[in-house]
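Visitor: I have just opened this structure and would like some help in reading it. Could you walk me through a few features?

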Amino acid sequence: MLALSLKDRASALPAGHMADGAFWLDTNTGDFISSTYYMPQLPAWVRDFNALKKADAYRQQTWTPLREPAAYLNSLPDSNRYERIFKGKTAATFPYPLAKLAPLNPPAYESMYTSPFGDNLLTDLVLAALQNTDLGRDEVPDLLAVSYSSPDAVGHTFGPLSKEENDLYLRLDLEIARLLQALDKTVGKGKYTVFLTADHGASEVTRYLADQQAPVGSYSQAALNQAANAYLVTQLGPGQWIEAERNHMYYLSRTLMKQQKAEPARVQQLLADFLREQPGIAQVNTTTQLLNASYTTYLEAKLQNGLYFPLFGDVRFELLPGWTGDIGVGASHGTGYAYDSHVPLLWYGLGIPTGVSYAPHVITDIAPTAAMLLNSKLPSACTGQPIVEVLSSGPPAKKARK
């Protein structure tokens with residue numbers, strides 16, 4: 001099993017604990033790297049790939065639109081006030097000469113990452129993996145996890161309605177075609193199964209939604225953190241009660257609570273009560289609440305599904321739809337709403353019938369569906385259900401051993 005991406009977590013998380021390798025891009029050097037968790041040093045084929053310095057070649061490219069203007073009618077105008085501007089440019093408009101922009105926008109390969117050329121580079125690595133490993137060449141099933149990260153970087157910078165994001169997806173289609181053509185040659189046409197999905201969606205740019213009269217807004221996370229801790233001080237006494245905040249999750253100081261003999265459940269509830277009164281906050285949940293109740297729908301159910309107690313915080317808040325932190329322009333994500341959590345799921349290849357389904361499915365249904373296709377037992381931590389529509393043709397027949 002191999003996992004490849006530009007982003008570390010988009011490689012290591014799909015790889016899991018027992019992968020043969022996980023590789024991602026070092027944006028400071030342009031090389032693909034890994035961890036000694038998987039191997040003491042990079043395999044020869046990755047070292048050979050890095051020696052080609054393909055990232056340097058892509059960093060010299062100029063990003064221009066792939067197609068004529070008619071292909072971008074669903075995008076906002078190229079010149080608008082909803083996009084971040086690279087240093088070295090006066091507007092977020094085509095063209096983007098990466099050779100000029102890269103030195104002004106560190107890390108060294110960040111501008112290449114935030115362009116379609118990041119996807120080109122990743123496909124090059126995947127093709128090298130197919131050529132230099134035995135993936136798909138015997139009767140033992142192999143898993144190749146490829147995570148294209150440039151759509152996320154471009155979306156954050158320019159927004160999902162931008163001409164840049166539209167152009168990136170037009171080009172990504174060509175990269176997926178290049179990957180499938182390589183699989184046809186190395187594994188064999190019709191001899192492999194593919195699923196395609198995404199790890200999240202994104203909101204439209206808050207400033208754009210506001211111009212469309214949508215009820216949206218933004219807030220300062222730093223100011224909220226300061227006010228929240230000040231409130232706890234008034235209720236519980238002096239000290240830094242909030243140890244950290246990550247992705248709308250507050251982590252309270254266990255040391256201070258122990259010193260002040262404050263029950264965690266009470267401190268959590270005090271913080272939750274304060275947050276519920278703040279502008280832009282839709283709901284607040286404490287970990288004590290999530291551990292002592294059972295939810296089957298909406299945001300609480302999603303939080304419970306993601307509650308890994310050793311790393312979970314104390315209080316999690318959800319913003320109102322369309323609200324974001326003080327990011328200014330560009331887009332963000334991280335809520336439980338449909339625009340962030342509704343992602344595509346496509347199945348293709350061996351064992352997959354022709355068809356379309358409009359039934360609701362979640363990405364945790366992928367693992368049991370793949371297990372059924374492989375006539376394999378379910379993964380130990382599997383929570384999803386097999387997708388019946390995908391399995392309607394039954395599992396592929398096993399080859400007779402010679």
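**Reading the model together**

Guide: Let us begin with one residue: K261 is exposed, because its relative accessible area is 76%. Buried means under 20% relative accessible area, exposed over 50%, and partly exposed in between, with a 1.4 Å probe and protein chains only. K261 sits in the loop between α11 (254-259) and α12, and its phi is near 55 degrees, a positive value in a residue other than glycine.

Visitor: What kind of model is this, and how are residues numbered?

Guide: This is a predicted model, where local features need pLDDT of at least 70 and side-chain atom pairs count only at pLDDT 80 or more, while totals for chains, interfaces and linings use all residues. Residues are numbered from 1 along each chain as its sequence is written, and side-chain values use heavy atoms, leaving out hydrogens and water.

Visitor: Is H248 buried or exposed?

Guide: H248 is buried, with a relative accessible area of 14%. This residue lies in the loop between β9 and β10, and phi of H248 is near 70 degrees, again a positive value in a residue other than glycine.

Visitor: How many helices and strands does the protein have?

Guide: Helices (H or I, at least four residues) and strands (E, at least two) are DSSP runs, numbered from the N terminus. Here there are 16 helices and 14 strands.

Visitor: Which residues is L130 in contact with, beyond its neighbours within four places in sequence?

Guide: Contact means heavy atoms within 4.5 Å. Leaving those neighbours aside, L130 touches L135, R137, L144, L179, A182, L183 and T186. L130 belongs to helix α6 (residues 116-132) and is buried, at 2% relative accessible area.

Visitor: Where are the cis peptide bonds from F94 and from P106?

Guide: The bond from F94 to P95 is cis, with omega near 0 degrees, and P95 lies in the loop between β4 (62-63) and β5 (96-97). The bond from P106 to P107 is cis too, with omega near 0 degrees; P107 is in the loop between α4 (98-101) and α5 (110-113).

Visitor: What share of the residues counts as buried?

Guide: Of the 402 residues of the protein, 44% count as buried. Among contacts between residues at least 6 apart in sequence, 62% join residues at least 24 apart.
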